[in-house]
Amino acid sequence: MRLINFQCESASIEECVRRLSHASEVNLRSLPGSIKSSKISLSFGAFMNLSVTLLIDPARNSQKGVLAEYSHGRNKEDVINEAIEKVNSLVPKGADVVDFDLDTYTTPVTRRTYAVVVLVYNVPAPEKSHPEFTLQERRELLASILREFNYNPRVLNISEIARVFNVSRDSIYYDIEQILKSVGANRRR
């Protein structure tokens, strides 16, 4: 598990939302894993402070993201609905929502209302059947299983794994050999 944080503070709500959206998009794009949980913090005043902390689970890989949108106007209900509609239009198809938050702020003098919506999501990777796995994907899966059993290959049923992946037993033995060599080289460093 790994924690990451995106935080922005600005006198401009628009700038704060834009910066947080950009930072999360750039940083999450290449980060493996999926979002297990999140904590969203919105605070308003002279400055807007927007913070999103994510717990990343490296075991499951998925497309992930943080959406942040805002709206402003005189009518609080309209402003909230507009901000929600903006976010709804951006949520990818098939996304699982991990968390969301919505907050409003009304300026004391002009009575202008701002609504900010933040939504955290995962889009599960499409399931592949085992024979469609590439060599690298098959080895990554075998490596993760071996890691769980302290790299003891005797816990594996080689014949069954070969059948599932539609490859020879020799291929599986060779995969395991390469994984153990790689782990041994990394442990010596």
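Me: Helices are DSSP runs of H or I with at least four residues, numbered from the N terminus. With that settled for this predicted model, about how much of a helical turn separates E177 and K181 in helix α5?

Reply: Happy to start there. E177 forms a salt bridge with K181, with the closest N and O atoms 3.6 Å apart. An α-helix has 3.6 residues a turn, so residues three or four places apart point the same way. Because E177 and K181 are four residues apart in helix α5, the separation is about one helical turn.

Me: Is E177 buried, partly exposed or exposed?

Reply: The cut-offs help here: buried means under 20% relative accessible area and exposed means over 50%, with partly exposed in between. E177 has 39% relative accessibility, so this residue counts as partly exposed.

Me: Which residue forms a salt bridge with R19?

Reply: Side chains of opposite charge can pair when their charged atoms come close. The partner of R19 lies four residues away, also in helix α1. R19 is partly exposed, at 35% relative accessibility, and its partner is partly exposed too, at 29%. The closest N and O atoms of the bridge are 2.8 Å apart, and the partner is E15.

Me: How many residues apart are R139 and D175?

Reply: R139 forms a salt bridge with D175, and their closest N and O atoms are 2.8 Å apart. This pair links distant parts of the chain, with R139 in helix α3 and D175 in helix α5; the separation is 36 residues.

Me: Is D175 buried, partly exposed or exposed?

Reply: Its partner R139 is partly exposed, with a relative accessible area of 21%. The relative accessibility of D175 is 1%, so D175 counts as buried.

Me: Which residue is linked with R139 and D175 in a network of salt bridges?

Reply: A search of the whole structure finds six salt bridges. The network includes R139 and D175, and the other residue linked in it is R138.

Me: Around α3, how wide an arc do the buried residues cover?

Reply: α3 has 14 residues and reaches 20 Å from its first C-alpha to its last, close to the 20 Å expected. Its buried residues are R138, L142, A143 and L146. They lie on the same side of α3, because the arc they cover around the axis is only 135 degrees.

Me: Which residues are exposed on the other side of α3?

Reply: The buried side of α3 holds R138, L142, A143 and L146. On the other side, the exposed residues are Q136 and E148.

Me: Which residue with a positive phi follows α3?

Reply: Look just past the end of the helix. The phi there is near 55 degrees, and the residue is N150.

Me: How many residues are in the largest nonpolar core?

Reply: Residues with the most contacts inside this core include L50, V52, V66 and V118. V118 is in contact with I40, L42 and F100, among others beyond its neighbours within four places in sequence. The largest core has 23 residues.

Me: Which element of the protein chain has the lowest mean pLDDT?

Reply: The chain averages a pLDDT of 88, and 95% of the residues score at least 70. Where pLDDT is low, the predicted coordinates should not be read in detail. Among the elements, helix α2 has the highest mean, 94, while the lowest, 83, belongs to α5.

Key: Residues numbered from 1 in each chain as written. Predicted model: local features only at pLDDT ≥ 70, side-chain atom pairs only at ≥ 80, totals over all residues. Heavy atoms only, no water. Core = buried A, V, L, I, M, F, W, Y, C linked by side-chain atoms within 4.5 Å. Buried < 20%, exposed > 50% of the residue type's maximum accessible area, 1.4 Å probe, protein only. Contact = heavy atoms within 4.5 Å. Salt bridge = Lys/Arg side-chain N within 4 Å of Asp/Glu carboxyl O. Helix = DSSP H or I, 4+ residues; strand = E, 2+ residues; numbered from the N terminus. Expected span 1.5 Å × (residues − 1). Arc of directions from axis to C-beta. pLDDT = per-residue confidence, 0-100.
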